[in-house]
Amino acid sequence: MCGIVGYIGEQQAAPILLEGLSKLEYRGYDSAGIAVYDGNEIKMVKSRGKLKVLEELTQGGMTLPGCVGIGHTRWATHGSPSDINAHPHFNKNHTIAVVHNGIIENYMKLRKKLEKKGYVFVSETDTEVLVHLLDYYYNGNPLETITKVMYRLEGSYALGIMFKDHPEEVYAVRKDSPLIVGKSEAGNFIASDVPAVLKHTRDVYFIDNQEMVKLTKDSLTFYNIDEEEISVEPTHIEWDITAAEKGGYEYFMLKEIYEQPKAVADTLNPRLKNNDIVIEELGMTDEEIRNIKKIFIIGCGSAYHTGVTAKYVIEGLARIPVEVDLASEFRYRNPIFEPGTLVIVISQSGETADTLAALREAKANGVKTLGIVNVVGSSIAREADAVMYTWAGPEIAVATTKAYSTQLIAEYLLAMKFARVRDVLSQEEMEGMIEDLKKLPEQIEFLLGNKEKIQHFANRYLATEHVFFIGRGIDYAISLEGSLKLKEISYIHSEAYAAGELKHGTISLIEEDTLVTAVITQKELYKKTLSNVQEVRTRGAFVLAVTNTGNTEVEKSADYVIYLPETNKYFTNSLAVIPLQLFSYYVSLGKGLDVDKPRNLAKSVTVE
């Protein structure tokens, strides 16, 4: 989710690169850099921090003369934000420069191979593996070299590449990370998104998976992975720059909802290897995992809600007792820390003040701590004993969507890893669950394809004043998140209840046309929850049910049903959350509210 810009033409490259990168700042980043060929060598300047720092270091690009260059804004995934880890990256002789978006899943294996060949690494990034691998295979032919490297990479990547030996060419290639090419009279461009080139051209080419392009100042040549020339048709962009930043979506929240399949895959795939779960960053031996006696899971808002889900999953799979705490309450209740306690703290930003305070409380009491965060190098990432990153990329909308979904994935993986090590889960059972995990991105895509039906339903409830979400077990956990999404962006009063608690007071609030959303995905609880649905419906409620494909019995009790693809019972929240997010989005949109910036809320809560 970081930004790539490249240029080759008649004009000075550095100012164009800086200006293009500024149009990609909305994507989020922690460092930036540019590399320009000056006629003799490739010169590079990069720095941690905002583009302003880079602009000052280069005097607006004036200190880097040359008409060929590549630039990058980095969102850290491997290695903390720093000058060294910032892109571009050089090979040992500074004859090849690379910028990269994506995640190289087999980078450790490749790095070890290259180190045995004598290559010295100066950064912590997976990207440096790429540039050394290009150097290793370089035979004077950039196209052949890039192809050899592509065959050896696992994961996602969009690359911009410069070779000193080919000073009048820039190369670009992609797999599962976006990359476009722009053509203009002033020269040609590569970029990770349209806004970076709109000032210069509205004719862009969208590079497909495992395709390459060679750019010169006045030509574009496209190739497939077999190095065969192919034809790619340009697309004329009609969007304005604001719309382009959002990829054509009206709001960042909707864009980020649609980014969830990729975010889930990026968080999941690098940790699935040979029918096993490998969490290298966990920093715990199998013996330490077997000795876990109790787990605290701590978070705020949506992060707390993922913890509620994780309690059911970890206790159900690994049979380890789990307590879930709101971070703002945890340190004030004088928690009991015993030997064998593991404290897991969850935060998208890694800077949430209450969660950070809870982490410090746990560390002060000498127990093992694990952070699940999305921002590399954040305070929680630095201070926790171990950190498990969710590779969701930056979120712009205040209401979290893809960060929530990737936190769930991290917690599923932990639960399965703990269960297998403790011999509670058989190898056969785990392999079956891994197959279900691999299907989640495609299943999320399927649910996103039904957005029109959800929008139509949401439009009926724009004027509603009260909404209730009910569920049992894991379904109660997702009800909490569905309720929060609705209230924070639509300002409708919404509450989530464990369905069995209705008769203990809440049912008195049910009246004619009250909207009740019932989540019913746990087969062993179908009948119990359906009886609760019937209770509210007989009192005049309109019931929206979210349930599994095949559970047609629910149609007898609910007024409107959304069916989810079949998955393991522990993973249903990853699917159920999608229609709930879309419902909240379309209610807010229909009411004419600012979906991305709801009143009184901030993206990162750094005060208590």
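How many of the five residues of strand E10 are buried? The legends below take up this question first, and they describe a predicted model.

**View 1. Strand E10, residues 187–191, and its surroundings.** Five of the five residues of strand E10 are buried, so the strand is largely enclosed by the rest of the structure. Gly-187, Phe-189 and Ala-191 point one way from E10, whereas Asn-188 and Ile-190 point the other way, and the residues of both groups are all buried.

**View 2. The pairing of strand E1 with strand E10.** Strand E1, which covers residues 3–9, runs antiparallel to E10 and is joined to E10 by five bridges. Within this pairing, Gly-6 stands opposite Ile-190 of E10, and Ile-190 is one of the buried residues of that strand.

**View 3. The hairpin formed by strands E9 and E10.** Strand E9, made of residues 180–184, pairs with E10 in the antiparallel sense over five bridges, and the two strands form a hairpin with two residues between them. Lys-183 stands opposite Asn-188 in E10, and Asn-188 points the other way from Gly-187, Phe-189 and Ala-191.

**View 4. A negative surface patch that includes Glu-228.** Glu-144, Asp-226, Glu-227 and Glu-228 together form a negative patch on the surface. Among them, Glu-228 is found in the loop between strand E13, residues 220–223, and strand E14, residues 229–230. Glu-228 counts as partly exposed because its relative accessibility is 45%, a value that falls between the limits of under 20% for buried and over 50% for exposed.

Technical notes. Residues numbered from 1 in each chain as written. Predicted model: local features only at pLDDT ≥ 70, side-chain atom pairs only at ≥ 80, totals over all residues. Heavy atoms only, no water. Buried < 20%, exposed > 50% of the residue type's maximum accessible area, 1.4 Å probe, protein only. Helix = DSSP H or I, 4+ residues; strand = E, 2+ residues; numbered from the N terminus. Pairing = 2+ DSSP bridges. Patch = residues over 30% accessible without salt bridge, like charges linked within 9 Å, V, L, I, M, F, W, Y side chains within 5 Å. Areas by Shrake-Rupley, 256 points an atom, 1.4 Å probe, with all protein chains shown as cover. Salt bridge = Lys/Arg side-chain N within 4 Å of Asp/Glu carboxyl O. Lys, Arg positive; Asp, Glu negative; His and termini not counted. Charge placed at Lys NZ, Arg CZ, Asp CG, Glu CD.
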